[in-house]
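Me: I have not looked at this one before. Can you walk me through it?

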Amino acid sequence: MLETRKLTKDFKGLRAVNDLELNVSAEEIVGIIGPNGAGKTTVFNLITGFLQPTRGEILFMGENIGGLKPHAIAKLGITRTFQLDRIFHEFTVLENVAVASHLHAGIGFWEAAFNTPQYRKKDGDTDKYAAKILQLVGMDDKMDEIAGNLSHGHQKLLGIAIGLAANPKLLLLDEPLAGMNPTEVTRALEIISEIRKQGIAVLLIEHNMRAVMSICDRLVVLNFGEEIAKGSPDEVKNNRQVIQAYLGIGEHAA
Amino acid sequence: MKSGKKLSYFFLIVVVLILPVFIKSEYYLHILILCAINIILASSLRAIATVGQVSLGHAGFMGIGAYTSAILSMKYGLSTYEALFAGGLAAMVLAALIAYPVMRVRTVYFSMLTMFLGQVVTLVITEWRGMTGGTSGLLNIPHLGTIPVLGRFSIGFSTRLPNLYFVLILMIVILLFLYGIDRSYIGKTFKAIAQDDSLAASAGINVARYRALVFCIGCFFAGLAGSFYAHYMGVITPDSFDLFISIYLLIYTVVGGSKKFAGAVVGPLVLTLIPEVSRVLKEYQPFVFVAVLYGVVFFLPGGLAYLLERMSIRIGAILQRGIKANA
């Protein structure tokens, strides 16, 4: 579904991503791991159009999406979450998801401005659609709360719900578990599995190794912008280069 | 919207439309006309601000409307109503032409760029003497054309009252339109962009297009307000559209409360009425502005609209208690 060919990004002499060949198939959960500064988030920014690659191609469903703007890529079916709690803080939980869903509701400018009956119907449908997504992440009991007042864990889940609202085929999660307590992590992992069951592929960056190993079908390990290993969690776990990159030379695997 | 709320808006509109009949003073009619113009300007400025962009060139777009309409009706023989609409259109076309580069810059850079644009507009008006009359401005701009009613009667615009009614109706239509947008998903999208534009983009929202859209809408209404101003006053000079006016418009929306739609109505209403009604204060207008601005910023961070909202909630509660007590 997603394929990168010799994807490379330079920042003023620093090569953040080097000749990366990444692929994600439908309904697959792929993890990107690696030490801080390995270029993981840069890969996300390249795939979603927030950064333009220096070299290389990004193919999505066989189409080259390099050079497209983020909103256009979202429309094609790739959405993302951000590392920090990026949500619309002033909106209610429902509004957060609804505003991200509206683009797919096919509402015209004039019918909205004049509040026509058709608009009200479509608007109501959008709210129902958003409520269903909130149910998926287990937040349908918090729909009317102001998003800024939510706990950190709930803000993270809301971020995922916003990502799902645009009805993606591939969802990119940037450290979805960061700062969560063990209970929240378990819950979030269940939600990610549920997302896959809905037919959405997931590409995720995460530092929580136990969680990554348990949920991902395949892993890609980056270090200094280069792929140093890939394969099933078990293969990666026992890879010498990975152990060295993570733990330093001479130590044993965790 | 709840039907009770709808009903109260309806009554408010009726009251606004009936009230002028009882005003005998020509001076107060004039003040109310200026009030309505300022409300149109402040509301359209606030609409642009909902995407997180503060324009400091709004008066410039008003000026484009005013001069376009005046020149077209005086020198090119357009009817005043065609010219009025053309004034709004001219402001919108300019907004659309510059929207793409302008909307790529954000926050303070956007303010600086629009400020510069507004100044360029006044500069061009001042220097293009053959067309605009330079610093002495344009004189004898025709009043709005007479509207025939049922063949026998007609409405002329040489006196104040018909002008007030014209601008009030214009204002109500514009406010209803802007409110319609603000309340719908379009307004929500604007506010989402203001809160986090990358997140909005990653959800598939075309940020640049929405920003350009609201900029064009806002500038169209600013141009329309300017056009009406020209035909009403009969005289326009470049200094009616300079940076100071843009800053005043901004103060109106801040004092009214920029988060609330009503803020851009209450702010200009209060700030136009206070110094004008108490005429002794007229020379001290800038001081009154600063005093009110500071008062609001320190004691009412949400603006006058929040005060109004709290008051209406309290009055509603008292009324309900009264009803219960009587029952």
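Me: How many bridges join strand β10 of chain A to strand β11 of chain A?
Reply: There are 5 bridges between β10 (residues 218-223) and β11 (residues 226-231) of chain A, and the two strands run antiparallel. This is a predicted model.

Me: Which residue in β11(A) is the bridge partner of N223(A)?
Reply: E226(A) is the partner of N223(A).

Me: And what do β10(A) and β11(A) form?
Reply: They form a hairpin with 2 residues between the strands. In the turn, F224(A) has a positive phi of about 50°.

Me: New topic. Is helix α3 of chain A largely enclosed or not?
Reply: It is largely enclosed by the rest of the structure, because 9 of the 9 residues of α3 (residues 93-101) are buried. Among them are E95(A), N96(A) and S101(A), as well as V97(A) and V99(A).

Me: What covers the buried residues of α3(A)?
Reply: The cover includes α5 (117-136) and α6 (152-165) of chain A, together with α8 (185-195) of chain B.

Me: Chain B too, then. How many residues of chain A are in contact with chain B?
Reply: 28 residues of chain A are in contact with 20 residues of chain B. On the chain A side, α2 (70-76), β7 (78-80), α3, α4 (109-113) and α6 each supply at least two residues. The largest share, 4 residues, comes from α2(A).

Me: What is that side of chain A like by class?
Reply: The side of chain A that touches chain B has 16 nonpolar, 6 polar and 6 charged residues.

Me: How many residues has the largest nonpolar core?
Reply: It has 174 residues, and those with the most contacts inside it include V97(A), A161(A) and A225(B). Helix α10 (residues 207-233) of chain B gives the largest share of this core, 17 residues.

Me: Where does this core lie with respect to domain 1 and domain 2 of chain A?
Reply: Domain 1 (1-77 + 168-254) and domain 2 (87-165) both give residues to the core, so it lies between them.

Me: What is A225(B) in contact with, leaving aside its neighbours within four places in sequence?
Reply: A225(B) is in contact with I37(B), I40(B), L41(B), M62(B) and G65(B).

Me: Last one: I125(B). Buried or exposed?
Reply: I125(B) is buried, because 28 other C-beta atoms lie within 10 Å and 20 or more is the cut-off. I125(B) is found in helix α5 (residues 107-127) of chain B.

Me: How far is I125(B) from I64(B)?
Reply: They are 61 residues apart in sequence and 8.7 Å apart in space, C-alpha to C-alpha. Leaving aside neighbours within four places in sequence, I125(B) is in contact with G63(B), Y67(B), T132(B) and P238(B).

Key
Residues numbered from 1 in each chain as written. Chains lettered and ligands numbered in written order. Predicted model: local features only at pLDDT ≥ 70, side-chain atom pairs only at ≥ 80, totals over all residues. Core = buried A, V, L, I, M, F, W, Y, C linked by C-beta atoms within 7 Å. Buried ≥ 20, exposed ≤ 12 C-beta atoms within 10 Å, placed from the backbone. Domains from an automatic or database assignment. Contact = placed C-beta atoms within 7 Å. Nonpolar A, V, L, I, M, F, W, Y, C, P; charged D, E, K, R; others polar. Pairing = 2+ DSSP bridges.
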